[in-house]
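Welcome! Take a moment to turn the structure around on your screen, and then let's walk through it together.

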Amino acid sequence: MDDNADQQHLTAAPGYAQGQLAKAFTTALTHQDADTRRRAEGRVKRWRAVLAGMSGGLLTIGSRTPVAGFPAWVTPEVVHGGFATGTPGAGGPLQPYETRLAEQFGVPADRRALFAHCLTDTGLTWLWGQLNSGRYEVTVPEEGALLTMAWLVRHGETAAALDLVAELAPFAGRLRFLPRPSSGRPAPDAGDALHRRSVSATVATLARRRPDAAVETQREALAVWQPFGDDLLAHWLETAGTEGGPVLELTPDAAWLARGAALLDRYGLLAEQHTRCGKHRRPKENLAILRGALEETVAGRPLDPRRLGLLRHAVTSMVRRRGLPGSARHTGLRHAQRIQAALPSHHALAQVVLGRLAALPQESGIADLTPVLAPVSEREGRDTGLPAGAELPPALRRVVQRALSAPVSTLVERGVVPSAEVLAALVPQLVAVTTARSYDDEALRTLMAANYRAFRNRRSLLLLNLERQVRIEELPWVRAVSARRGDTTAEASLLLRQLGELAVRGFPGTILPNPLVRELGVLARQSELGAPLVEELAADIFMDAFGPKFLVAAGIAGELLGGSVYERYYGIDYAAVRELAIVEAGGAAGRPEKAGAVAARTSPGFMRLCAERAASASSAPAGSSGVSRGFGVAANGKVIEQAQILTTHNLATLVHRVGIAPEPGWAEPARRAFGTVCRLTARVHHNARPYSTIKDAAYAWRQSVFHLSLCTPAEQRGVLADLVAEAARQPAHVAARLAPALAGLRLVVEGGAFEPDGTADGGRARRLLGWTTDGHWLAADPTAVEREGS
């Protein structure tokens with residue numbers, strides 16, 4: 001307990017920030033791209049602010065109130081790694097919209113003056129107009145504060161409005177509390193429909209698309225220079241003998257020379273108009289040889305033996321490669337190339353799509369992609385010169401499909417949401433709607449939804465000493481209207497179950513990313529299900545302590561998994577975990593509040609259990625000496641992994657408390673998670689740094705074991721057979737690497753158990769874990785072992 005207490009005042013060292021500053025400075029000086037250099041200069045400025053704030057005592061990195069003088073609710077500017085720069089997100093110079101409002105209101109261009117004006121009758125009337133129209137944006141949560149104040153005044157809650165003003169007033173000169181007026185009407189409520197990209201963002205992406213230089217160069221070569229080269233070749237072949245003799249066997253006559261001169265004039269025009277392809281200018285290229293020889297001959301200068309030899313070789317090789325001009329082989333080849341050259345460019349087709357998107361609402365998604373992705377119409381063909389019926393290429397279709405507006409399950413099924421991380425970025429839209437629906441007033445619902453979306457753009461801080469990120473209910477303006485919230489427990493429970501099932505069904509081999517865990521945690525609190533969700537902890541800043549919810553989550557896992565394959569495979573005693581939870585809960589209840597202040601934030605028993613399990617776990621390869629290869633981050637990782645194993649990293653909570661039950665059952669997620677294991681294991685082969693990949697493979701394996709444990713015994717045997725068959729279909733090195741893990745799983749399914757070191761059958765069966773401090777058996781090259789044996 002004393003160890004935990006001693007850690008309550010740790011702060012971050014400046015070494016990381018110094019390294020990031022050096023990296024940004026190097027990029028700003030040396031990168032070839034001007035935009036990249038400009039962005040790096042901005043990072044240099046921000047990292048300098050971080051270091052200056054740390055050295056001057058203005059910043060306390062690792063605290064939830066990192067900037068001196070600002071309360072926790074103020075949105076900080078945060079750079080990579082969770083470091084606050086000292087500048088508030090709603091601070092800095094006046095925004096253009098603030099300057100325009102100051103001019104409109106007839107007040108000085110000063111935030112305090114703007115704030116004061118909004119407390120007048122005229123200012124309140126303007127704010128009420130914004131609430132009524134919904135024509136505003138909230139990009140940082142602070143921009144919704146005065147709108148909330150105006151709503152309170154309009155609804156007779158003057159005391160709450162005054163309290164809010166009193167809390168905001170000390171920062172009125174430094175932070176912007178006014179909303180951003182918007183010219184467009186708010187997007188209609190699309191219900192459960194979500195979109196990754198808005199129409200306007202899709203337009204911006206397509207507008208940045210430029211013609212591909214390599215493709216356009218090839219198009220010019222096919223459409224211009226190859227036909228000209230064919231004409232040049234045919235012209236020289238006229239000088240061959242009647243029996244197909246060598247070129248210039250016949251003496252060119254005046255008509256031939258005149259046609260040659262016309263060819264040279266045509267070449268000059270083509271070279272002036274078509275400048276992408278420069279191959280025709282290279283002296284050693286066949287076309288350049290034919291053209292140079294023609295220039296000499298038309299000028300009346302005889303060809304020297306060397307040039308004549310080059311000419312004859314060029315003509316012979318061109319005929320040998322493609323056939324005589326006009327022959328069936330030559331004609332077929334050129335026909336295919338003309339078709340290829342006539343295909344419209346991606347850039348030209350993008351302009352057609354831009355025209356279609358221009359007619360759609362810009363700030364929403366696209367409910368029906370069919371007309372946007374349709375082939376070029378007759379009218380579009382006439383307007384652009386593109387062939388009617390031309391199909392959009394996959395690259396353009398993918399850009400547009402990201403704007404699809406549909407239920408999130410549809411987006412996952414169609415691959416628009418390809419990962420749990422992308423899902424996590426979309427979920428705040430749904431949670432914002434669900435949260436806002438708890439308010440009975442339409443204007444307040446719109447405001448709170450906008451406020452939630454802005455809050456979710458707030459970047460997480462680097463936190464030490466088991467502090468937690470600021471929650472939205474801590475914002476003074478959200479707290480001021482909390483009494484207006486209705487009961488949405490049923491709606492939050494339903495959404496939590498739907499999202500939990502979607503994440504498990506859609507990405508069964510991936511642990512829930514922290515942003516998604518945070519959103520699900522909001523719904524869990526609203527649903528009042530008693531469903532503690534735990535984040536993935538960073539091994540490099542682990543504080544050798546876990547919050548009490550980890551032990552609660554492990555207890556829930558024990559309720560679900562007691563006696564299961566999962567418990568036996570990982571060697572867990574869930575009965576002991578439940579006893580530990582009872583002991584700690586009883587101890588905390590009998591402890592004085594002051595003495596228990598630290599204990600309430602940690603679970604020392606759970607930390608001790610994870611550390612003991614990590615110390616006994618071994619991932620060393622068979623035959624390894626077991627000598628430690630280093631500790632630090634890896635040692636922390638082993639402890640954190642044991643916490644994830646004991647809690648199942650939220651899977652048990654979602655199943656046992658939330659009630660997720662993905663269709664068609666648990667066998668399919670177990671198989672798909674193992675597919676992820678195989679894919680990741682394949683990346684270990686010949687990988688100089690395999691341990692990050694091994695860690696992810698072990699996480700996917702844990703998901704597979706969990707899903708398998710929820711199957712019936714008959715299903716378990718069938719799934720195990722499927723996993724073995726799937727491994728056999730993999731490359732030999734993948735099958736060999738996974739053989740010990742599969743043998744260990746078979747052992748447990750059939751009622752056996754591992755030895756204390758996590759092995760069985762003389763090391764032929766092994767428990768698969770991810771983190772290690774002494775080498776990992778999955779990293780060993782099985783092909784090398786086979787070579788040594790042979």
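## How the chain comes together

Among contacts in the chain with a separation of 6 or more, 74% are between residues 24 or more positions apart. Keep in mind as you look that this is a predicted model. The chain is built with 34 helices and eight strands.

## Extent, surface and charge

Along its principal axes, the C-alpha trace spans about 115 × 85 × 50 Å. Of the 790 residues in the chain, 48% are buried. The accessible surface comes to about 37000 Å², and carbon and sulfur atoms account for 54% of that area.

Charges are worth a look too. The chain carries 90 positive and 79 negative charges, and the mean positions of these two groups are 4 Å apart.

## A closer look at helix 13

Now let's follow one helix from end to end. Helix 13 covers residues 305–322. Just before it, Asp304 caps the N-terminal end, with a side-chain oxygen 3.0 Å from the backbone nitrogen of Arg306. At the other end, helix 13 is followed by Gly323, which has a positive phi near 90 degrees.

How far apart should the ends of helix 13 be, at 1.5 Å a residue? Its 18 residues should span 26 Å, and this agrees with the model because the end C-alpha atoms are 26 Å apart.

Which residues of helix 13 are buried? They are Leu308, Leu311, Ala314, Val315, Ser317, Met318 and Arg322. When you look at their positions, it helps to know that an α-helix has 3.6 residues a turn, so residues three or four places apart point the same way.

Definitions and conventions. Residues are numbered from 1 along each chain as its sequence is written. This is a predicted model: local features need pLDDT of at least 70, side-chain atom pairs count only at pLDDT 80 or more; totals for chains, interfaces and linings use all residues. Side-chain values use heavy atoms; hydrogens and water are left out. Helices (H or I, at least four residues) and strands (E, at least two) are DSSP runs, numbered from the N terminus. Buried means under 20% relative accessible area, exposed over 50%, partly exposed in between (1.4 Å probe, protein chains only). Contact means heavy atoms within 4.5 Å. Accessible areas come from the Shrake-Rupley method with a 1.4 Å probe; for residues, only the protein chains shown count as cover. Lys and Arg count as positive and Asp and Glu as negative; His and the chain ends are not counted. The place of a charge is taken as NZ of Lys, CZ of Arg, CG of Asp or CD of Glu. The expected span of a helix is 1.5 Å times one less than its number of residues. A polar contact is a pair of N or O atoms within 3.5 Å; within protein, one must be able to donate a hydrogen and the other to accept it, and residues adjacent in sequence count only if both atoms are side-chain atoms.
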